[in-house]
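Reader: I am in my first year. Please pick one part of this model and take a close look at it. Then connect it to the rest.

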Amino acid sequence: MTIRMLGGIVPTPCPGAPVPSSEKPPRTSTLQRGPQVDAVLTLSGGIVAEDLNFKRVLVGRIGVHELHRIFEEHGDRLLERNIRRYLGHANRVNAEIRATLLDPNASADFYFYNNGITVVCDRLDYNALQKSDHRVQLKNLQVINGGQTCRVIHQTLSEDASCAPDAHLLIRIYQLPEGSAEVVQAITKATNSQSPVDLRDLRSNDEWQQTLGLGIEDLGYVYRRHREEGGTGAREVTSAAVAEAVLAVWRQRPHQAKVRRPEHFGRLYDLIFRDLNGAQALTATLIYRAVERRRKNGTGAPPDHVAYASHHLAMMIGREMLRDLGLTVADVSHRSFARLQAALAEEGDRYYALAMDALAEALRTCYGDREVSLQQLAATFRRGDLLEMLDAAA
């Protein structure tokens, strides 16, 4: 039986007969979800390539403008296997990537500031006899790590095509054999879920942190600059605890000390740590610890607002201590540290009671005698509404 069609006669196969190989549908790759992306990437400089455990690996350097070209051609089809969609320029890391690309003095070193991208593919080919600037042919390529970087680069260069002419980043390309879906998933998970390095880690070895550590150790305490497992002892303080306490007690920003913790080693870092000495850091931390200890160990039912008030109470206690001793924040040093410790130990209960009274009066000024919900109280402390009233009463 035949069916006559325009241009010729096409045999109709019998039911159940095998489809001729020339007519079989193409194999669906384990790396493929949507339409397949085949492309040629031009890498800069030399490459490192080798076969490893029936897989092929190529590591090289790609210009950001070459990456922009590929995304102009294929768009988000390159990111089908990426675990995250674009987080936008408001994301801190993305904002810093963008700023580096736009900075003529920094963009040439972009390669050293970025972790690069990871690409998987069904096949990669290149001219092994060529010395540098290889053109690499990739079949069914997918970016599985570095999607955020790719999107920032694409958007930034789309807005300003003249920026970052010499910027490059690391690219790792893995050619995986057929049936490698589980391997792709494992690589994706491993490259996207390793312990993150936060801003505290990045600041831990800078000059301010090292100097602060020496000052605190001179006073008989241990300063933990790095994140570590486990708690801290009575004579140990962490950089995170110092940042929170100093911002509340000496910098007079108790609301930011609580709700802006992720920014303590970012936007607020200079405000907190500039010109900070060991005695100031340690005194603020000990004041905050004393407040928390009294709040948790107090008898009876405390007022509802106490759960939100530790940073404000610590700020007011710091003010009262300095007033009693006739000191300013600048006077807090290794010479006055013993006096401050003694005052906190001997007068801590009185300072706490005075701070509690002042805070209750500020809340009455703010709300009168009407009942206030927990949500309203939380918002009041989070926004810092009480600071003006407490400053007026100080």
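Author: Take the lining of the second largest pocket: six nonpolar, two polar and five charged residues. Ala, Val, Leu, Ile, Met, Phe, Trp, Tyr, Cys and Pro count as nonpolar, Asp, Glu, Lys and Arg as charged, and the others, Gly among them, as polar. The model is predicted, so local features need pLDDT of at least 70 and side-chain atom pairs count only at pLDDT 80 or more, while totals for chains, interfaces and linings use all residues. Residues are numbered from 1 along each chain as its sequence is written, and side-chain values use heavy atoms, leaving out hydrogens and water.

How much space lies in the second largest pocket? About 230 Å³. Of its 13 lining residues, H305, L363, G368, R370 and V372 are the closest to the centre. Helix α13 gives the most to this lining, with four residues. A pocket is an open set of points on a 1 Å grid over the protein atoms alone, with protein on both sides within 12 Å along at least five of seven lines; a cavity is a set where a 1.4 Å probe fits but cannot get out; lining residues have an atom within 4 Å of a point. Grid points are joined across faces, edges and corners, and a volume is the space filled by probe spheres set on the points. Helices (H or I, at least four residues) and strands (E, at least two) are DSSP runs, numbered from the N terminus.

Helix α13 has a second role in this picture. It spans residues 337-367 and helps cover the buried residues of α14. The cover also includes α9 (254-259) and α12 (310-325). Helix α14 itself runs over residues 374-383, and its buried members are L377, A378, A379, T380 and F381. Buried means under 20% relative accessible area, exposed over 50%, and partly exposed in between (1.4 Å probe, protein chains only). After α14 comes G384, with a positive phi near 80°.

Now step to α12, where L322 is found. Why does L322 count as buried? Because its relative accessible area is 10%. Leaving out residues up to four places away in sequence, L322 touches W250, L327, T328, V329, V332 and L340. A contact means heavy atoms within 4.5 Å. L322 and V332 are ten residues apart in sequence, and their C-alpha atoms are 8.8 Å apart.

Next, the cavities. There are two of 30 Å³ or more. The largest holds about 60 Å³ of space. Its lining is made of L41, L67, I70, F71, L78, I117, V119, L141, V143 and I171. By class, that is ten nonpolar, no polar and no charged residues. Helix α1 (64-74) and strand β6 (117-121) each supply at least two of them. Helix α1 gives the most, with three residues.

Strands come next. Two strands pair if DSSP finds at least two bridges between them. Strand β4 (residues 44-52) and strand β5 (residues 55-63) run antiparallel, joined by six bridges. Opposite A49 stands L58 of β5. Two residues lie between the strands of this hairpin, and N53 in the turn has a positive phi of about 55°. Strand β5 also pairs with β10 (residues 168-175), again antiparallel, over eight bridges. There, G63 has H168 as its bridge partner.

Strand β8 (residues 135-139) has two faces. V136 and L138 form the covered one; R135, Q137 and K139 form the uncovered one. In a regular strand the side chains alternate between the two faces of the sheet. Strand β3 (residues 39-42) joins β8 by four antiparallel bridges, with V40 opposite Q137. Strand β7 (residues 123-125) pairs with β8 over three antiparallel bridges, and D125 stands opposite Q137.

Finally, the whole chain. It comes to 15 helices and twelve strands. Buried residues make up 42% of its 394 residues. Take contacts between residues at least 6 apart in sequence: 72% of them join residues at least 24 apart. How many disulfides does a search of the whole structure find? Zero. A disulfide is a pair of cysteine sulfur atoms within 2.5 Å. Two cysteines are worth finding in the model. C150 is buried because its relative accessible area is 1%. C163 is buried as well, at 7%.
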